[in-house]
Amino acid sequence: MSTDLAERVARRATAPADQAAQQRPAQPSLVQFVRQMGPEIARALPAHMAGAADRIARIALTDLNRVPNLAKATRDSFAGALMTCTQLGLEPGGVSGEAYLLPFWNKKIGQHEVQLVIGYQGMIKLFWQHPLAAGLDAREVHENDDFEYEYGLDAYLRHKPARRNRGPVTDYYALARLSNGGSAFVVMSPEDVEKIRRRSKAKDAGPWQTDYDAMAKKTAVRQLFKLLPKSPELARAVAHDESVRRDASTDGIDAVPDFIEGETVEDGQSAGSDEVAA
């Protein structure tokens, strides 16, 4: 009798919890969540990209299936990164080269979080939205190219690529022209680029692995932007590049982003740098 009584008491004690668990709505997967975000994406897109909400959502869904561990990331960080892309008018995913959603293992919370990496094409796209933008170029220089430059009051840059057998890369540069007659340029050696790459948590994954020259030129462009007037969109992109945003509200893009102590994308086991790319 005592055994039967104990079993009945145990069943009664666990029944409310079991019923509550059954009644509690399940947390939607990131795939479901992206579909639910459709109206918010549509409202957040810049006017010149009206009607692109479905495309942004489709690209995000493709990335969830394509990028290892991205579907394991926290919903808040994924939503924040996707909303930053949306508000800046950038397409996520590696096809366009505008922005990348990369998962990193956050040691502090024991979960994957999404870090947004603005691509080379994304930086260029945002530069052209500035009313003073008149020209932007970024290139790699090879050993057999005819290349000269000098900083100072009479700064100049001259680059004539060799027609064949250009040799190894010796420099990367970015230059900009403004409609008011101003101009600026930045030249970086491969060693300069490598110093910045090594400080990035994405140094061995994503575009640094698949599109090194594009990321090297983006690095030169970022250094150049320090010398130029920036549109609000470009300033936000520079601020959020390689950061984690956990607030998907429209005001979240103006909050100070978080640069996590992350580890590599693949498995969360190999330690990565805790510093942030310049």
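**Exercise 1. Identify the members of the aromatic cluster and give the geometry of a ring pair within it.**

Step 1. In this predicted model, one aromatic cluster is made up of Phe147, Tyr149, Tyr151, Tyr173 and Phe185. Rings of Phe, Tyr and Trp (its six-membered ring) pair if their centres lie within 6.5 Å; planes under 30 degrees apart count as stacked, over 60 as edge-to-face and the rest as tilted.

Step 2. The structure holds eight aromatic pairs. One of them joins Phe127 and Trp128, with 5.7 Å centre to centre and 75 degrees between the planes, which is edge-to-face. Tyr149 and Tyr151 also form an edge-to-face pair, at 5.6 Å and 70 degrees.

Step 3. Burial is assigned by relative accessible area: buried is under 20%, exposed is over 50%, and partly exposed lies in between (1.4 Å probe, protein chains only). Tyr149 is partly exposed at 35%, and Tyr151 is partly exposed at 45%. Phe127 is buried at 3%, whereas Trp128 is partly exposed at 44%.

Conventions: the model is predicted, local features need pLDDT of at least 70, side-chain atom pairs count only at pLDDT 80 or more, and totals for chains, interfaces and linings use all residues. Residues are numbered from 1 along each chain as its sequence is written, and side-chain values use heavy atoms, with hydrogens and water left out.

**Exercise 2. Describe how strands E4 and E5 are joined.**

Step 1. Helices (H or I, at least four residues) and strands (E, at least two) are DSSP runs, numbered from the N terminus. E4 covers residues 146–150 and E5 covers residues 156–160.

Step 2. Two strands pair if DSSP finds at least two bridges between them. E4 and E5 have five bridges, in the antiparallel sense, and Asp146 stands opposite Lys160.

Step 3. The two strands form a hairpin with five residues between them, and Gly152 in the turn has a positive phi of about 125 degrees.

**Exercise 3. Find the non-glycine residues Asn69 and Asn165 and state whether each is buried or exposed.**

Step 1. Asn69 lies in the loop between H4 (53–66) and H5, and its phi is near 75 degrees, a positive value. Asn69 is buried at 13% relative accessible area.

Step 2. Asn165 lies in the loop between E5 and E6 and has a positive phi of about 50 degrees. Asn165 is exposed at 64%.

**Exercise 4. Characterise the packing of helices H4 and H6.**

Step 1. H4 has 14 residues and spans 20 Å from its first C-alpha to its last, close to the expected 20 Å. The expected span is 1.5 Å times one less than the number of residues.

Step 2. The buried residues of H4 include Ala53, Ile56, Ala60 and Leu64. They pack against H2 (30–36), H3 and H5, where contact means heavy atoms within 4.5 Å.

Step 3. In H6 (residues 120–127), six of the eight residues are buried, among them Tyr120, Met123 and Phe127. The elements that cover them include H5 (75–88), E2 (111–118) and H9 (212–225).

**Exercise 5. Which residues touch the most other members of the largest nonpolar core?**

Step 1. A nonpolar core is a set of buried Ala, Val, Leu, Ile, Met, Phe, Trp, Tyr and Cys residues joined through side-chain atoms within 4.5 Å.

Step 2. The largest core has 64 residues, of which Phe78, Leu101, Leu224, Phe225 and Leu228 touch the most other members. H5 supplies the largest share, seven residues.

Step 3. A second, separate core of six residues includes Val141, Phe147, Leu175 and Phe185.
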